[in-house]
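Here's a quick tour of the structure you're about to see. We'll start with how some strands line up, then turn to where two chains meet.

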Number of protein chains: 2
Amino acid sequence: MHYHTQHSPFGAFASFTIGLPGQRGGFGQSLSGPAGQNVYAGFRAVAAGGAPAPWKLLPFFERPQTAAVAAFTGENTAASSHEPQAIDLATVTRHLGWATDTWTHGPFSLRILSPFDHIAHPDTMDRDTARLTLAPVVHAELAYDNTQGSAAIELLFGIGRTEHPLRPLEDVSSDLSGFALGQSYGFAARPADIAGRIQGLDLFNPPARDHRGLHLLSHEAGVVFLVPAGTRRSFPVALGFYQSGIVTTGLPTCYYYTKFFADLEDVLLHGLARHSHYAALAEKRDAELAASPLDEHQRWLIAQATHSYLGSSQLMQHKRRALWIVNEGEYRMINTFDLTVDHLFFELAWWPWAVGNTLDLFVRRYRYTDKIQRPGGTPVVRGGVSFTHDMGVMNQFTPPGRSSYECDHLHGCFSHMTMEQLINWICCATTYVEKTGDAAWLQARQKLLLACADSLRRRDDPRETKRTGLLKWDSHRCGADGGEITTYDSLDISLGQARNNLYIAVKAFAAWTLLERAFAGLGLAGAADAARASADLAASAVAAQFDADTGLFPAVFEAGNRSRILPAVEGLVFPLFLGYAGELRSRYPELFSKLSRHMANALQPGVCLDAESGAWKISSTSSNTWFSKIALAQHVVRRLFPETLNDAARAADAVHAKMQQSEPLGRYAMVDQVHSATGVSIGSRYYPRIVTACLWLEP
Amino acid sequence: MHYHTQHSPFGAFASFTIGLPGQRGGFGQSLSGPAGQNVYAGFRAVAAGGAPAPWKLLPFFERPQTAAVAAFTGENTAASSHEPQAIDLATVTRHLGWATDTWTHGPFSLRILSPFDHIAHPDTMDRDTARLTLAPVVHAELAYDNTQGSAAIELLFGIGRTEHPLRPLEDVSSDLSGFALGQSYGFAARPADIAGRIQGLDLFNPPARDHRGLHLLSHEAGVVFLVPAGTRRSFPVALGFYQSGIVTTGLPTCYYYTKFFADLEDVLLHGLARHSHYAALAEKRDAELAASPLDEHQRWLIAQATHSYLGSSQLMQHKRRALWIVNEGEYRMINTFDLTVDHLFFELAWWPWAVGNTLDLFVRRYRYTDKIQRPGGTPVVRGGVSFTHDMGVMNQFTPPGRSSYECDHLHGCFSHMTMEQLINWICCATTYVEKTGDAAWLQARQKLLLACADSLRRRDDPRETKRTGLLKWDSHRCGADGGEITTYDSLDISLGQARNNLYIAVKAFAAWTLLERAFAGLGLAGAADAARASADLAASAVAAQFDADTGLFPAVFEAGNRSRILPAVEGLVFPLFLGYAGELRSRYPELFSKLSRHMANALQPGVCLDAESGAWKISSTSSNTWFSKIALAQHVVRRLFPETLNDAARAADAVHAKMQQSEPLGRYAMVDQVHSATGVSIGSRYYPRIVTACLWLEP
């Protein structure tokens with residue numbers, strides 16, 4: 001239970017983060033990690049005529065608050081008998097569903113709802129649908145079963161240590177009880193529901209109260225509900241965000257929801273008014289996940305991953321049209337393409353237009369044509385089209401044709417990913433079209449798709465006769481003294497180098513099979529045949545690298561590399577997702593058979609199962625393992641190579657879930673880069689990419 | 001030299017804070033203290049054909065930046081030979097002028113300019129004047145005298161550890177070289193001036209550079225200038241802020257400058273284009289202060305106080321009309337009235353319309369009519385008009401008639417200040433009118449002024465026959481179990497209790513004399529006579545409290561109080577400022593004579609001079625002393641009671657300046673509440689109020 005979870009509206013790049021005991025969280029707008037607020041949620045008994053018992057609160061706060069008082073009075077306040085008690089976690093059960101997060105302690109419960117649903121293209125939505133779908137609000141519920149109780153119970157929901165003092169919402173809207181920070185976020189209950197609201201420099205030991213019992217200078221506030229003895233009650237609380245005006249540079253955009261919501265109060269009123277709709281929707285999502293044949297660890301991983309994905313989602317409008325962004329977790333890069341390709345499957349299931357939207361922006365603004373080179377930088381010849389690694393960072397769009405990440409003269413982290421992003425555009429575009437049936441979209445991009453095929457071939461070799469089926473020419477953007485890398489930028493060479501890389505080679509093979517189908521669909525028989533020929537060449541080239549002695553592929557087909565990697569099969573996710581993997585297996589039996597042997601031998605303790613923890617390792621030679629890619633590899637292996645799964649490999653979901661549920665990772669909600677032995681976070685915290693785990697729900 | 005200084009544009013509620021060695025600062029928008037950025041300013045030699053020497057930078061940064069790199073690469077970088085060297089402060093001279101702040105280290109200098117000028121009412125300004133006056137920009141200059149040098153010198157200005165990655169301004173405007181954080185702040189040089197610009201995850205050991213030599217993911221960036229051997233160069237850098245849209249709640253307002261500036265780039269271009277204008281203006285202000293007969297400590301206190309005042313200033317527009325705010329330093333309360341009355345003198349000298357603007361908002365929205373009570377809460381009778389303590393906090397306006405500060409049922413900090421704010425409105429309004437000659441303004445508020453007089457009298461006693469000349473009835477807003485306090489909220493009872501308080505009594509006496517003159521000016525002879533009678537009564541009442549044995553007044557005329565306070569004479573600042581103090585002395589010789597004896601006896605070590613430090617103490621019984629009020633008392637004493645100043649009292653300016661220049665206070669720029677013996681900050685940090693020291697410049 002030692003983990004934070006991001007509770008995030010769709011497309012608001014905002015999270016209400018809660019869950020790690022003893023740690024703060026709360027409302028965060030566009031942050032790289034959890035916010036720093038106390039969350040106060042709990043109850044106390046109020047015996048008739050007597051003093052209330054101390055508050056018992058879920059342990060999501062740090063106390064005391066004496067500094068806030070001392071700043072005004074110059075004195076430290078004495079310890080108080082009103083100090084709230086943190087509920088012992090041993091007496092709490094927590095259940096994280098796909099769209100709910102529930103803590104239960106005896107008759108008390110807190111539930112946070114972050115429902116999501118299938119979403120039509122925002123530009124086609126009517127206003128009511130848009131408000132329901134795009135409202136930047138999540139939902140809390142406090143409940144208490146006091147049917148057996150003899151004393152009244154008060155429930156509290158509040159926050160503390162906000163960035164500056166909170167304001168009572170009642171000062172703006174008499175239909176809202178709660179508090180907001182300026183115009184940016186707030187929590188609200190229905191006035192008829194509440195028994196009171198409190199605000200104090202120290203919420204539990206307020207040095208002062210005004211005529212309303214509040215103190216408007218205070219960074220701590222809450223709403224109180226009453227549950228009479230003999231009754232059972234549940235109260236909704238809306239948790240809203242709002243950011244107005246232009247929020248991005250380079251490409252000026254504002255939040256799409258500002259079309260439909262005037263301000264924070266509008267959001268909160270809507271959230272409360274439609275609470276039951278959202279609760280039902282969240283429960284529907286939960287039920288779907290619960291009904292899946294997955295085990296509890298797998299379900300939890302999917303739930304937590306989906307929550308963090310939504311926290312990075314950002315739907316903007318540019319010239320009144322939708323512009324889709326997924327931010328890259330703690331790094332906050334805009335639409336990192338090697339994440340887009342991983343979010344693809346989840347997005348196609350829920351908001352498929354988002355994929356097309358991002359691909360279009362890559363075409364329009366983040367496409368470039370490069371020269372290519374051999375290692376060492378000579379010769380340099382015409383390359384072809386590709387796409388940038390990302391579109392900018394933290395609401396700052398980069399200039400056309402340039403990413404915020406890629407730098408020159410490097411062989412490791414921050415180098416260019418030209419090959420990989422070219423493959424990613426092909427894989428995303430063709431998969432998008434096959435899944436959505438949007439033939440017109442592809443028709444309009446036929447010329448580009450042909451150019452992509454040409455560019456991909458030239459990166460094998462610009463001279464047709466020299467092509468081997470492996471990508472060997474780096475982009476000249478790297479500089480003569482640089483070389484391309486892959487998305488696995490912080491790993492060792494086994495996954496770091498793009499050239500002659502097993503992962504890239506199989507993914508390129510998959511891309512050729514996708515292109516073959518796409519060209520056929522466009523009626524371009526010649527191009528389809530050529531793509532098939534390229535696929536054949538790639539399949540043979542990869543298969544030829546198999547080392548029969550060890551029964552494994554090397555990770556890199558250079559310099560006697562002996563690393564073993566699980567992403568050997570990553571590229572097969574596209575045929576699998578589109579339902580033609582069986583057909584491919586029949587066509588390329590040798591490749592599939594060798595990949596099966598590779599995976600069986602790789603999925604062994606000490607190779608690609610961590611010898612200490614049992615976690616899957618994406619490379620045998622790096623202890624930095626990435627959960628998003630593990631989830632993807634698991635999916636491919638389970639569906640296409642189930643024969644390779646031994647008991648140890650099967651047992652790893654529990655290991656992965658437990659790592660994410662422990663504080664080193666749990667303090668950042670979902671974490672991608674993890675030390676496979678120790679479970680320490682290495683990077684990619686608060687991260688969306690692990691939503692690849694939703695592939696496991698594919699029928 | 002151990003102090004931060006706020007460099008702030010007029011009315012932008014923003015500061016570029018710099019100066020405390022080893023501590024970060026930089027660009028802060030509406031913060032309660034210094035921002036957390038590294039500031040990189042310095043130079044290095046670049047011998048022809050050789051490697052550059054390490055950067056030598058003023059010590060306004062914390063290093064190294066390995067964490068930023070490790071977040072991406074998962075690895076800590078090795079220590080580097082490019083680590084910049086912090087210049088030893090012993091080799092630096094710093095001079096803070098009224099509008100400049102200059103560090104000189106041999107041939108190198110950094111100068112920050114925050115010029116201010118007389119400002120006409122913004123609603124009447126033409127566009128060019130408005131842009132010159134209201135631009136949210138301050139100015140830096142890097143200079144190097146390389147006339148004797150044999151190697152070229154590079155100069156660097158940059159920042160680091162910003163809240164998120166910076167963006168190159170050149171991507172938006174080819175006329176700007178520099179970097180910005182989103183749309184909110186940035187620094188810019190003229191493209192023709194720079195020799196380069198750098199941006200890196202670690203500015204001095206960048207793990208990666210892109211095709212431009214930058215890395216757009218980075219929170220560290222700078223511009224580089226070249227000073228060839230044999231030359232002397234100076235380069236301007238504009239430091240701009242921008243905040244668009246509605247930024248306040250309760251009363252929706254946006255920054256006034258948004259009328260005249262489209263965005264941050266507009267601000268920075270303007271700042272660079274008009275740099276020489278601003279530099280000349282800053283130098284003019286410096287020369288004025290330097291030409292004053294004050295000593296170096298006094299001049300420094302004025303300079304530092306003015307800088308912090310400007311940092312809290314905020315000019316907004318509400319329905320297209322100017323709305324003036326001074327925020328209360330670290331507390332960020334809006335137009336705290338007991339600060340307004342202290343800022344009055346400075347504002348009347350530079351932007352007098354601001355006083356009227358604030359008074360009007362108090363009348364329109366923050367006026368109330370109360371009931372009043374005797375101690376203990378009975379009886380409760382009709383009171384009169386008064387005004388709230390403040391108008392809200394941190395861009396959140398409170399509802400009409402209510403402050404963010406005042407609470408009920410208290411006798412100390414956070415209680416109501418009804419008497420004091422009533423007196424403050426009278427003092428501000430009458431002083432404003434006398435100083436500006438704006439008779440029409442007072443004419444329109446004649447009824448209110450009469451109501452204020454009535455309200456003030458009723459707080460002596462609601463029954464005319466019982467009036468004694470001292471304020472004894474508290475506002476019923478305090479509750480039966482509460483009592484009013486004064487602005488000196490965190491002091492002991494000597495200044496904390498309003499009722500029967502010497503400070504309040506003398507200030508009320510002054511208010512009556514002001515009312516007498518105002519009513520006379522309005523042609524209300526009867527009211528003027530009545531005000532004079534009230535002044536007479538007050539003067540007698542205070543004089544009667546003099547204790548001939550000790551030669552001192554008690555601070556509170558109750559319960560045998562024996563505290564001694566310097567604000568005994570605070571109220572006389574108004575007659576002094578308006579030039580009729582001599583007339584009053586002739587009229588009330590006994591009161592003046594007794595106040596003289598009081599001050600002479602109070603200004604003794606162990607009474608109101610701290611026995612350890614020599615600092616002035618505003619109360620003999622509290623070690624919490626306030627520089628704003630010391631400055632005010634010093635002014636009154638020097639001009640009206642110079643005979644009371646012994647050598648120890650005279651020597652205190654050096655003590656006060658040294659305290660503010662030492663780290664306990666210096667880390668928060670100007671601090672008001674200080675421990676008189678230790679110089680530790682107690683409260684009121686980053687504070688505008690000490691601008692009262694500008695009274696010393698009165699002719």
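## Two strands side by side

This is a predicted model. In chain A, strand E2 (residues 14-18) runs antiparallel to E1(A), and three bridges join the two. If you want a spot to click on, try A:Thr5: across from A:Thr5, in E2(A), stands A:Ile18.

## The sheet and its helix

Zoom out a little and E1 and E2 turn out to belong to an open sheet of three strands in chain A, ordered E1-E2-E3, with antiparallel pairing. Strand E1 (5-7) and strand E3 (26-29) of chain A sit at the edges, each pairing on one side only. On average, neighbouring strands in this sheet are turned by 35 degrees against each other, if you ignore direction. As background, strands of a sheet pair through backbone hydrogen bonds, either parallel or antiparallel.

So what packs on this sheet? That's helix H5 (residues 296-312) of chain A, which touches E1 and E2 of chain A. The direction of H5 makes about 50 degrees with that of E1(A).

## Where chain A meets chain B

How many residues does each chain bring to the contact? Chain A puts in 44 residues and chain B puts in 43 residues. On the side of chain A that touches chain B, helix H1 (66-73) and strand E28 (681-683) of chain A each supply at least two residues. H1(A) gives the largest share of that side, three residues.

Sorted by class, the side of chain A that touches chain B has 19 polar, 17 nonpolar and eight charged residues.

Notes: Residues numbered from 1 in each chain as written. Chains lettered and ligands numbered in written order. Predicted model: local features only at pLDDT ≥ 70, side-chain atom pairs only at ≥ 80, totals over all residues. Contact = placed C-beta atoms within 7 Å. Helix = DSSP H or I, 4+ residues; strand = E, 2+ residues; numbered from the N terminus. Nonpolar A, V, L, I, M, F, W, Y, C, P; charged D, E, K, R; others polar. Pairing = 2+ DSSP bridges. Axes fitted to C-alpha atoms, helices over the stretch in contact; angles between N-to-C directions.
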